[in-house]
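Could you walk me through this structure, starting with charges over rings and then moving on to aromatic stacking, the main pocket and the odd backbone spots?

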Amino acid sequence: MALQSVNVLLGVTGGIAAYKAPDLVRKLTGLGANVRVVLSPSSAAFVTPLSLQAVSGNIVHQHLLDPEAEAGMGHIELARWADVLLIAPATAHCLAKLAHGMADDLLTTLVLATPAPIFIAPAMNQQMWAAAATQANLKTITERGITCFGPASGEQACGDIGYGRMLETVDIAQMLDEAVAALKALSGNEKTAATATNEPSEGSQDTPGLLAGKHIVITAGPTREAIDPVRYISNHSSGKMGYCLAVQALAMGAEVTLVSGPVDIPVPMGCKVIQVQSAVDMHAAVMHAVRQSCDIFIACAAVADYRVADIASQKIKKDNDEMTLTLVKNPDILADVAALPSPPFTLGFAAETHDVERYARGKLTRKKLNMIAANDVSQPDIGFNQNDNALTVFTADAQMVLPKQDKLALATQLLTILTNQVRK
Ligand code: C5P
């Protein structure tokens with residue numbers, strides 16, 4: 001449990017989902033966290049400070065300009081106390097205030113004052129979630145490094161159906177635990193790296209990860225198509241997105257097999273890695289792994305579409321001014337997995353330079369996938385070889401924008417959506 005002895009400052013804002021806050025506190029303390037709660041002014045209409053005080057075992061913080069509170073644990077002290085700040089539920093209004101850096105109450109002041117990583121679990125009506133202003137605010141704050149958990153899709157308190165429901169409290173607590181484990185693992189803390197990579201830890205049976213019991217096969221990186229013993233055709237894929245998905249899937253409890261093309265990234269601890277060079281090798285390794293056992297297949301590799309028909313056995317000399325290579329089409333690994341008699345849940349990627357939605361939806365249908373994540377690789381600051389990415393996720397009946405953020409945070413969001421889809 002990565003949250004063991006971690007100080008979690010829980011901000012609660014004023015939506016109907018605030019009534020779940022005491023339960024969230026219990027889930028967090030159950031994972032070993034020390035929890036202090038900060039209520040926004042309107043949230044007290046949905047949940048009482050007294051119940052939150054009872055479950056957290058700590059006084060609830062509500063007012064910025066309260067001399068008595070400041071004499072106890074002042075807002076700067078509280079901001080420093082926090083190892084992580086989680087806002088759940090985070091309303092549309094809260095997102096707007098965060099996007100603008102407002103500090104007109106205790107919670108928003110703490111957001112600015114804390115050096116701790118910040119996580120939000122939004123909850124609002126589906127139309128409010130989809131509103132351009134909300135999505136723009138979300139984009140702004142996630143670009144600044146705030147990680148967003150959810151929201152989930154489903155029936156809402158108002159009767160609407162769509163994205164905007166707060167994730168279940170057990171899932172939020174679990175995702176925070178996994179995010180903290182991943183942060184610690186990435187910062188080189190070996191003890192927590194073990195937790196992040198699915199090594200059994202005491203008490204972990206009480207809180208199985210969202211992907212516990214699932215075997216996920218992930219392809220990552222480029223492929224290299226040999227021309228002769230010294231030359232090859234390849235592309236700009238760094239493999240970062242696929243490796244981040246592997247790290248996060250492990251942290252969420254999955255068993256992960258990574259089928260990786262040649263990349264310059266250390267192997268995630270606890271992950272089975274099969275190193276390959278060419279598309280044909282990757283195809284063989286994936287089909288073997290998937291046939292053995294696979295619940296979810298994520299095709300993140302930038303597989304070369306063509307290979308050289310006749311690979312020269314000796315180095316080709318530059319005797320001629322021109323040279324012609326005959327290329328033949330590579331097998332489509334993702335389409336072949338999706339065409340198996342009992343296919344796993346399939347998530348593909350579509351890296352496009354134009355008409356992103358049309359091509360992504362086309363691949364979703366043609367390759368018979370469950371989900372596709374599309375990104376616009378014509379934008380130089382995201383995608384290939386970058387630390388950040390932005391995705392639009394399509395299923396047969398839904399679409400969701402995951403704004404630009406670092407690939408690890410994006411992997412968490414993508415896997416959350418995937419988990420919701422797999423459960424359907
Ligand atoms: O058809 P296209 O290459 O654009 O499709 C992209 C998706 O298909 C990615 O998920 C990629 O990993 C997968 N793919 C594959 N085998 C190929 C080509 C693409 O698995 N030969």
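A quick definition to begin: a charge counts as sitting over a ring if NZ of Lys or CZ of Arg is within 6 Å of the ring centre and within 35 degrees of the ring normal. Keep in mind that this is a predicted model. With that rule in hand, have a look at arginine 358, whose charged end sits over the ring of tyrosine 359, 5.0 Å from the ring's centre. There's another case at arginine 36, which lies over the face of tryptophan 81 at 5.4 Å from the ring centre.

Now for rings paired with rings. Two aromatic rings pair if their centres lie within 6.5 Å, and planes under 30 degrees apart count as stacked. By this rule the model has one aromatic pair. The partners are phenylalanine 119 and phenylalanine 149, with 5.4 Å centre to centre and 25° between the planes, so under that cut-off the pair is stacked. Where do the two rings come from? Phenylalanine 119 belongs to strand β4 (residues 118–122), while phenylalanine 149 is in the loop between β5 (147–148) and β6 (152–155), so the pair ties together parts that are 30 residues apart in sequence. Buried means under 20% relative accessible area. Phenylalanine 119, at 3% relative accessibility, counts as buried, and phenylalanine 149 is buried too, with a relative accessible area of 0%.

Stay in that loop for a moment. Proline 151 is also found between β5 and β6, and the peptide bond leading into it from glycine 150 is cis, with omega near 5°. A cis peptide bond also joins alanine 88 and proline 89, this time with omega at about -5°. Proline 89 has its place in strand β3 (residues 84–90).

Next up, empty space. Rolling a probe the size of a water molecule over the atoms shows where such space is left. The largest pocket holds about 950 Å³. Its lining is made up of 38 residues, and Ala301, Ala302, Val303, Asp305 and Phe349 lie nearest the centre. By class, that lining has 17 nonpolar, 12 polar and nine charged residues. Which elements supply at least two residues of the lining each? They are β8 (215–220), α11 (240–251), α13 (333–338), β16 (345–352) and α14 (356–366). Of these, β16 gives the most to the lining of the largest pocket, with four residues.

Strand β16 is worth a second look, and threonine 346 lies in it. Is threonine 346 buried or exposed? At 0% relative accessibility, it counts as buried. Leaving aside neighbours within four places in sequence, threonine 346 is in contact with Phe297, Leu334, Val337, Ala338, Lys368, Leu369, Asn370 and Met371.

One of those contacts, lysine 368, has its own quirk. Lysine 368 has a positive phi of about 55° although it is not a glycine. You'll find lysine 368 in the loop between α14 and β17 (371–376). Unlike threonine 346, which is buried, lysine 368 is exposed, with a relative accessible area of 64%.

Finally, hop back towards the start of the chain. Serine 5 is found in the segment before β1 (7–12), and it has a phi near 65°, a positive value in a residue other than glycine.

Notes:
Residues are numbered from 1 along each chain as its sequence is written. This is a predicted model: local features need pLDDT of at least 70, side-chain atom pairs count only at pLDDT 80 or more; totals for chains, interfaces and linings use all residues. Side-chain values use heavy atoms; hydrogens and water are left out. Rings of Phe, Tyr and Trp (its six-membered ring) pair if their centres lie within 6.5 Å; planes under 30 degrees apart count as stacked, over 60 as edge-to-face and the rest as tilted. Buried means under 20% relative accessible area, exposed over 50%, partly exposed in between (1.4 Å probe, protein chains only). On a 1 Å grid over the protein atoms alone, a cavity is a set of points where a 1.4 Å probe fits but cannot get out, and a pocket is an open set with protein on both sides within 12 Å along at least five of seven lines; lining residues have an atom within 4 Å of a point. Grid points are joined across faces, edges and corners, and a volume is the space filled by probe spheres set on the points. Ala, Val, Leu, Ile, Met, Phe, Trp, Tyr, Cys and Pro count as nonpolar, Asp, Glu, Lys and Arg as charged, and the others, Gly among them, as polar. Contact means heavy atoms within 4.5 Å.
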